[in-house]
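Please open the model in your viewer and keep the sequence panel beside it. The tour moves from one selection to the next and says what is to be found at each stop.

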Amino acid sequence: MLQSALMNVMVKAARRAGRSLKRDLGEIEHLQVSMKGPANFVSLADKRAEEMLYTDLSKARPGYGFIGEEGGTRIGDDKTHTWIVDPLDGTTNFLHGIPQFAISIALAREGVIIAGLIYNPANDELYIAERGKGAFLNDTRLRVAGRKQLNECVIACGLPHIGRGDHELSRNEMTSIQTKVAGLRRFGAASLDLAFVAAGRLDGYWERNLQSWDVAAGIIMIREAGGVVGDIHGGELLKTGNVVCGNEFVHGELVKILKPLG
């Protein structure tokens, strides 16, 4: 497919940062056996990838604002455009050498996401979407799955861990959903969960307490693949971080289950 000038900028930046992360992933197995462990190394890898992305995106589009997981908000002269970037989504997976992580880049124009990219350097899967132009995985057009029976669906979710999230609410949600679906999955990288829904690999996904950089690229990915994505309670997803998505049927059924719980 022919990529726009904007998408070419995003792809080039993601691939350069991705090469750095892939090299770093190769070092993880050596660091796992050390007493200190790889945590500090991964933190540096994360920050290095974000600086690469900031440098490349800012050079190509001077003045755009930039929101990154590591560096926070950087105000640009152009107040109408903002990059929303996660340089390493799935840090815990990366830390353990699990190849389920991604670079996530989205561009917002006056608060509306107009382009998104999700890239896993470990397997070279590149998901892209632009408003009104569809969503693609390595040049193959994406469509959400069409299942209309919840008991045939595989659904992904988030799981709170030590020190984060509402564990009781999470247990209640899983108890309510797992008896109604064919399977539950937890992969550990929100952007890729959203991309998998866009690709029809998953039928749906929900998670609470995410950040804007976790979901921004996935929002346009799912919508351009014909799916529905939003906040569990109908709020502004980029602010609430409580995501639920799927095709129209699955999204609706998940909302019916999740909304009364909290």
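A residue is called buried here when its relative accessible area is under 20%, exposed when that area is over 50%, and partly exposed in between. Bear in mind throughout that this is a predicted model.

**First stop: a salt bridge between two loops**

Select Arg147 and Asp203, whose side chains meet in a salt bridge with 2.7 Å from N to O. The pair links distant parts of the chain, since Arg147 sits in the loop between strand 8 (140–141) and strand 9 (154–157), while Asp203 belongs to the loop between helix 5 (190–198) and strand 11 (204–207), 56 residues apart. Asp203 has a relative accessible area of 4% and is therefore buried, whereas Arg147, at 37% relative accessibility, counts as partly exposed.

**Second stop: helix 1 and helix 2**

Now select Asp24 and Arg48, which form a salt bridge whose closest N and O atoms are 2.8 Å apart. Asp24 lies in helix 1 (residues 5–31) and Arg48 in helix 2 (residues 39–60), so this pair ties together parts that are 24 residues apart in sequence. With a relative accessible area of 8%, Asp24 is buried; Arg48, with 35%, is partly exposed. If you then add Glu50, Glu51 and Arg74 to the selection, you will have three residues that are linked in a network of salt bridges.

**Third stop: a pair within helix 8**

Move on to Glu253 and Lys256, a salt bridge in which the closest N and O atoms are 3.1 Å apart. Both residues are in helix 8 (residues 248–258), and because they are three residues apart there, about one helical turn separates them. Glu253 is partly exposed, with a relative accessible area of 21%, while Lys256, with 59%, is exposed. A search of the whole structure finds 13 salt bridges, among them the one between Glu253 and Lys256.

**Fourth stop: strand 4 and its partners**

Turn to strand 4 (residues 102–109), which is mostly covered, seven of its eight residues being buried. Strand 3 (residues 78–89) runs antiparallel to strand 4 and is joined to it by seven bridges. Strand 5 (residues 112–120) is likewise antiparallel to strand 4, again with seven bridges between the two. Ala108 is a convenient residue to centre on, as it stands opposite Thr82 and also opposite Ile113 in strand 5. From there, follow the chain into the hairpin that strand 4 and strand 5 form, with two residues between them, and label Glu110 in the turn, which has a positive phi of about 50°.

**Last stop: helix 5 against helix 6**

Finally, select helix 5 together with helix 6 (residues 212–224), and look along their axes, which are 8 Å apart at an angle of about 5°. The two helices are therefore roughly parallel to each other, given that angles under 35 degrees count as such. Which residues of helix 5 meet helix 6? On the helix 5 side they are Ala190, Ser191, Leu194, Val197 and Ala198, and these meet Asp214, Val215, Gly218, Met221 and Ile222 in helix 6. Coloured by class, this contact shows seven nonpolar, two polar and one charged residues.

Methods: Residues are numbered from 1 along each chain as its sequence is written. This is a predicted model: local features need pLDDT of at least 70, side-chain atom pairs count only at pLDDT 80 or more; totals for chains, interfaces and linings use all residues. Side-chain values use heavy atoms; hydrogens and water are left out. Buried means under 20% relative accessible area, exposed over 50%, partly exposed in between (1.4 Å probe, protein chains only). Helices (H or I, at least four residues) and strands (E, at least two) are DSSP runs, numbered from the N terminus. Two strands pair if DSSP finds at least two bridges between them. A salt bridge is a side-chain nitrogen of Lys or Arg within 4 Å of a carboxyl oxygen of Asp or Glu. Axes are lines fitted to C-alpha atoms, for helices over the stretch in contact, and angles run from 0 to 180 degrees between N-to-C directions. Angles under 35 degrees count as roughly parallel, over 145 as roughly antiparallel, 65 to 115 as roughly perpendicular and the rest as oblique. Contact means heavy atoms within 4.5 Å. Ala, Val, Leu, Ile, Met, Phe, Trp, Tyr, Cys and Pro count as nonpolar, Asp, Glu, Lys and Arg as charged, and the others, Gly among them, as polar.
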